[in-house]
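Please keep the model open in a viewer and make each selection as it is named. The tour proceeds from a single residue to helix pairs and then to the chain as a whole.

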Amino acid sequence: MEWLPWVVVFGTTGVLCLVVGLAIRGFRRTPRARARREVTWTHTGQALLRLDTAIEESDIELGLSGALYGGTAPRTLAAARAYAANARDDAFVRYQQALDRKETHPGAVREARHVGDLANRALLKLENAQLEHQKWLTANADAPAQVAAARERLTEIVAGLGDPTALERDLAEQFDDAEWAPVKDANDALEKALTEADRAIARAEENVDKPAKSVMANLAAGEKYLRAAESASLAADQAHRGVIDASIAVASELSSMRADIAKGVALQKTVPADAAERVGEELDRALASVEKIEPRADREPTAVITEISRIRDRLDLALGNARTARDRIEGARNALPATMSTARRTIAHAEAVVMQGSSADARVRLTEANDALAASRSAEDAVAALDAVRRAIRHAEDAEALANYARGRRA
């Protein structure tokens with residue numbers, strides 16, 4: 001019986017370890033523990049956004065100094081910006097991976113905390129470099145030349161834009177308001193950006209001869225708004241092109257959708273009775289949906305194509321394994337153009353919403369949307385490509401929802 005004390009010792013130790021493990025597990029599930037984890041996620045997301053914003057500001061400062069001084073400014077800021085960009089890219093990837101494991105892996109919150117520390121270190125290094133760069137500019141800048149260059153750039157951009165509202169008028173004559181609303185939104189953003197750029201440059205012009213005041217902050221703000229104006233102009237052009245392309249394609253998409261429904265009717269005869277009934281119900285539903293949206297095709301082409309994509313999704317799900325591999329590939333080929341068009345519009349809209357202010361989660365989802373869309377182009381077959389495009393749409397919709405939620409919390 002000499003072994004009995006050892007059994008008691010090890011048995012007691014095992015029970016204690018089990019109790020401690022259960023206690024820790026239980027604590028992790030308490031509201032307080034969950035709240036602390038959410039605080040960590042929030043702080044990490046905020047750190048990533050601050051780093052991303054600081055990199056954007058550094059790009060503007062480097063652009064201004066490079067244009068005016070031909071690369072003679074110190075390289076400190078450029079080096080810190082490159083380091084910060086690499087850190088940001090790595091941090092966003094690791095944040096995305098941790099986010100995917102948020103609900104299933106206890107170590108995810110530790111990884112998120114580590115990512116936040118990484119972003120804050122890169123941000124501190126970048127901010128110090130920005131201060132040094134600003135000191136150099138203050139000592140060496142030719143303020144009048146800088147301000148004149150900014151005014152000239154604004155004038156050139158305005159002249160190159162022509163009449164942005166022409167795109168709106170072109171669409172308004174043919175399509176419903178909802179179709180050209182993205183163009184109007186982009187033009188509104190364009191007008192606002194140009195107005196703010198003019199104000200920032202005007203403030204710089206007022207202070208250009210005042211030694212006690214630096215014009216760099218105003219010039220940087222002006223350049224930021226000028227870049228926003230250029231982005232808005234591009235978004236308006238793309239939205240306009242999207243509507244025109246949809247109006248050209250919508251008739252063929254409807255015809256293709258009807259052909260797929262006809263193939264589904266033929267396929268219905270080859271499946272078991274219980275499956276045939278379900279397929280028949282979905283085919284009837286799809287046909288009714290097509291007949292409902294078809295009269296809107298001329299006035300609402302993008303909305304109709306988006307609906308066609310959804311009808312195809314439901315029909316594909318209903319037909320499922322009843323299709324042969326060849327049928328699935330052919331169906332995917334037919335579905336790709338409309339689904340791809342929907343994905344591009346959804347991502348473009350999500351990008352516009354995210355750029356207005358969002359969260360790290362929203363930016364991660366937007367990146368995933370763009371990655372999925374890119375993956376669709378190199379997919380091994382049409383079925384894989386279609387799956388990737390559909391993932392892109394879901395991620396873009398999630399990105400928009402997360403961005404709206406983040407703005408709502410800040411309001």
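Select Asp100, which lies in helix H3, residues 76-100. The model is a predicted one, and the values given on this tour are computed from it. Is Asp100 buried, partly exposed or exposed? With a relative accessible area of 48%, Asp100 is partly exposed, because the exposed class begins over 50%. Now display the surroundings of Asp100: once its neighbours within four places in sequence are set aside, Asp100 is in contact with Arg365 and Glu368.

Next, select helix H7, residues 177-207, together with H8. A general remark helps in reading this and the following stops: a pair of packed helices is described by two quantities, the angle between the axes and the distance between them. For H7 and H8 the angle is about 165° and the axes are 8 Å apart. H7 is therefore roughly antiparallel to H8, since an angle over 145 degrees places a pair in that class. The two helices, H7 and H8, cross in a left-handed sense. Colour the contact of H7 with H8 by residue type, and 21 nonpolar, six polar and three charged residues appear.

Keep H8, residues 216-268, and add helix H9, residues 273-293. How far apart are the axes of H8 and H9? They are 10 Å apart, and the helices pack at an angle of about 160°. This angle makes H8 roughly antiparallel to H9. H8 passes H9 in a left-handed crossing.

To view the contact itself, select on the H8 side Leu254, Met257, Arg258, Ile261, Gly264, Val265 and Gln268. On the H9 side, the residues they meet are Ala276, Val279, Gly280, Leu283, Ala286, Leu287, Val290, Glu291 and Ile293. By type, the contact of H8 with H9 comprises eleven nonpolar, three polar and two charged residues.

Within this contact, centre the view on Val265, a residue of helix H8. Its relative accessibility is 37%, so Val265 counts as partly exposed. Draw a distance from the C-alpha of Val265 to that of Leu283: the separation is 7.2 Å in space, for two residues 18 apart in sequence.

Now hide H8, keep H9 and select helix H10, residues 301-319. H9 and H10 pack at an angle of about 175°, with 9 Å between their axes. H9 and H10 are therefore roughly antiparallel to each other. From H9, the contact with H10 draws on Val279, Glu282, Leu283, Arg285, Ala286, Ser289, Val290 and Ile293. H10 contributes Val304, Glu307, Ile308, Ile311, Arg314, Leu315, Ala318 and Leu319. Which residue types make up this contact of H9 with H10? Eleven are nonpolar, one is polar and four are charged.

Finally, restore the full chain and colour it by secondary structure. The protein chain has 13 helices and zero strands. Switch to a surface display: the accessible surface of the protein chain comes to about 22,800 Å², and carbon and sulfur atoms account for 55% of it. Of the 411 residues in the chain, 40% are buried. A contact map completes the view: among contacts between residues at least 6 apart in sequence, 79% join residues at least 24 apart.

Note on methods: Residues are numbered from 1 along each chain as its sequence is written. This is a predicted model: local features need pLDDT of at least 70, side-chain atom pairs count only at pLDDT 80 or more; totals for chains, interfaces and linings use all residues. Side-chain values use heavy atoms; hydrogens and water are left out. Axes are lines fitted to C-alpha atoms, for helices over the stretch in contact, and angles run from 0 to 180 degrees between N-to-C directions. Helices (H or I, at least four residues) and strands (E, at least two) are DSSP runs, numbered from the N terminus. Angles under 35 degrees count as roughly parallel, over 145 as roughly antiparallel, 65 to 115 as roughly perpendicular and the rest as oblique. A crossing is left-handed if the near helix is turned anticlockwise from the far one by less than a right angle, and right-handed if clockwise. Contact means heavy atoms within 4.5 Å. Ala, Val, Leu, Ile, Met, Phe, Trp, Tyr, Cys and Pro count as nonpolar, Asp, Glu, Lys and Arg as charged, and the others, Gly among them, as polar. Buried means under 20% relative accessible area, exposed over 50%, partly exposed in between (1.4 Å probe, protein chains only). Accessible areas come from the Shrake-Rupley method with a 1.4 Å probe; for residues, only the protein chains shown count as cover.
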